[in-house]
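Reader: I would like a close look at one part of this model. Take a single element, then work outward to what surrounds it.

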Amino acid sequence: MEKKDSKTLPSLENFSINDIKAGKELFSKQVLFRLGIKNEDKFPSINLPEIAFAGRSNVGKSTLINTLSFQKKIARVSKKPGSTQQINFFEIIDNLSIVDLPGYGFANASKLDKANWSKLIEIYLINNSALNRVFLLIDSRRGIGKIDLSFMDFLEKYAIVFEIVLTKIDKIDYQSSKVLVSKIEKINSTFTTAFPRVILTSSKNNDGLDKLRAEIAKIIL
Ligand SMILES: Nc1nc2c(ncn2[C@@H]2O[C@H](COP(=O)(O)OP(=O)(O)OP(=O)(O)O)[C@@H](O)[C@H]2O)c(=O)[nH]1
Ligand SMILES: [Mg+2]
């Protein structure tokens, strides 16, 4: 089997050493939990650029926020899907607001719960002028599913810019990751608000995290 080396993937080539350095510096600053929101009438007013992490339940949103921030426990992680049931706001003080959205597609949630969560997510996404970009997380083993596509349709409909981040690339081999990336790049090309490239990450072995930090740092420049 070919050696897995995400650095050689074509979609990851456009980060300079300075970009990587800026990303590391940004996330080396203090990251704080600000608040969690369960109701649509309690959104905070944010005076910073904001990014949000979205995706299926269990895809690794909370884990990614922890590993990006060089912290173990700032966002709650669980083996049980549906552990983040509210919108959690984090902040890199004076720099960036980071949002951990509840996961969608959580099979065990009651219908009513699911409807509430998606409504809360929708209201957050539609009314948020500070929101700069949604990072849409996709589990490398699952790829883009129907529910992800309908979420992408929703983002497109409201002109919300999004970028796909693959999680758990430690779970697949290099060849499969290449196939997956070209599939996703094709799907991205059908959406006007999608970033063409894909960022591959593993919170287990830190692959791609420096690149994602660099990508995020570019947002606030
Ligand atoms: N192998 C591997 N496991 C991961 C990775 N990222 C997350 N996980 C695991 O995936 C599970 C779910 O992670 P979470 O971060 O809680 O996922 P989430 O998207 O926040 O889930 P919800 O809050 O339910 O929406 C945990 O058991 C993590 O340890 C990764 O890069 N590699
Ligand atoms: Mg979570």
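Reader: How many of the residues of strand S6 are buried? Please start there and follow the contacts outward.

Author: One caution comes before the answer: this is a predicted model.

Six of the six residues of S6 are buried, so the strand counts as mostly covered when buried means under 20% relative accessible area. S6 runs over residues 162-167. Its side chains point two ways. Phe 162, Ile 164 and Leu 166 go one way. Glu 163, Val 165 and Thr 167 go the other way. Both sets are buried. The general pattern fits: in a regular strand the side chains alternate between the two faces of the sheet.

Next, the neighbouring strand. S5 covers residues 131-139. S5 and S6 run parallel, and six bridges join them. One position can be picked out: Leu 137 stands opposite Val 165 of S6. Val 165 belongs to the set that includes Glu 163 and Thr 167.

S6 also helps to cover a helix. What lies over the buried residues of H5 includes helix H4 (146-157), S6 and strand S7 (194-200). H5 itself spans residues 174-188. Does its length come out short, long or as expected? At 1.5 Å a residue, its 15 residues should span 21 Å, and the end C-alpha atoms are 21 Å apart, so the two agree.

Which residues of H5 are buried? They are Tyr 174, Ser 177, Leu 180, Val 181, Ile 184 and Asn 188. Seen down the helix axis, these buried residues fall within an arc of 115°, so they line one face of H5. The spacing has a simple background. An α-helix has 3.6 residues a turn, so residues three or four places apart point the same way. The other side of H5 carries Lys 183 and Lys 186, both exposed.

Now the start of H5. There, a side-chain oxygen of Asp 173 comes to within 3.2 Å of the backbone nitrogen of Gln 175. Ser 176 also sits in H5. At 33% relative accessibility, Ser 176 counts as partly exposed. A distant residue of the chain comes into view here. Ser 176 and Ser 140 are 36 residues apart in sequence, yet their C-alpha atoms are 8.9 Å apart.

Past H5 comes a loop that leads to S7, and Thr 193 lies in it. Is Thr 193 buried or exposed? Its relative accessible area is 10%, so Thr 193 is buried. Its contacts lead back to where we began. Leaving out residues up to four places away in sequence, Thr 193 touches Leu 155, Glu 156, Ala 159, Ile 160, Val 161 and Phe 162. Phe 162 is one of the buried residues of S6.

S7 holds Pro 196. At 59% relative accessibility, Pro 196 counts as exposed. It still has partners in H5. With residues up to four places away set aside, Pro 196 touches Glu 185 and Asn 188. Pro 196 and Glu 185 are eleven residues apart in sequence and 6.0 Å apart from C-alpha to C-alpha. Asn 188 is among the buried residues of H5.

H4 is another cover of H5, and H4 brings in the aromatic residues. Eight aromatic pairs turn up in a search of the whole structure. One of them is Phe 33 with Phe 90: ring centres 5.4 Å apart, planes at 65°, so the pair is edge-to-face. Phe 33 lies in strand S1 (residues 31-37) and Phe 90 in strand S3 (residues 87-92), so this pair ties together parts 57 residues apart in sequence. Exposure differs across the pair. Phe 33 is partly exposed at 42% relative accessibility. Phe 90 is buried at 1%.

Another pair reaches H4. The rings of Tyr 104 and Phe 151 have centres 4.9 Å apart and planes at 40°, so this pair is tilted. Tyr 104 sits in the loop between strand S4 (96-100) and helix H3 (111-126), while Phe 151 is in H4, 47 residues away. Tyr 104 is buried at 10% relative accessibility. Phe 151 is buried too, with a relative accessible area of 10%. Tyr 104 and Phe 151 join Phe 154 and Tyr 158 in one aromatic cluster.

To sum up the part you asked about: S6 is buried along its six residues, it pairs in parallel with S5, and it is among the elements that cover the buried residues of H5.

Terms used. Residues numbered from 1 in each chain as written. Chains lettered and ligands numbered in written order. Predicted model: local features only at pLDDT ≥ 70, side-chain atom pairs only at ≥ 80, totals over all residues. Heavy atoms only, no water. Helix = DSSP H or I, 4+ residues; strand = E, 2+ residues; numbered from the N terminus. Expected span 1.5 Å × (residues − 1). Buried < 20%, exposed > 50% of the residue type's maximum accessible area, 1.4 Å probe, protein only. Arc of directions from axis to C-beta. Contact = heavy atoms within 4.5 Å. Polar contact = N/O pair within 3.5 Å; in protein donor to acceptor, adjacent residues only side chain to side chain. Phe/Tyr/Trp six-rings, centres within 6.5 Å; stacked < 30°, edge-to-face > 60°. Pairing = 2+ DSSP bridges.
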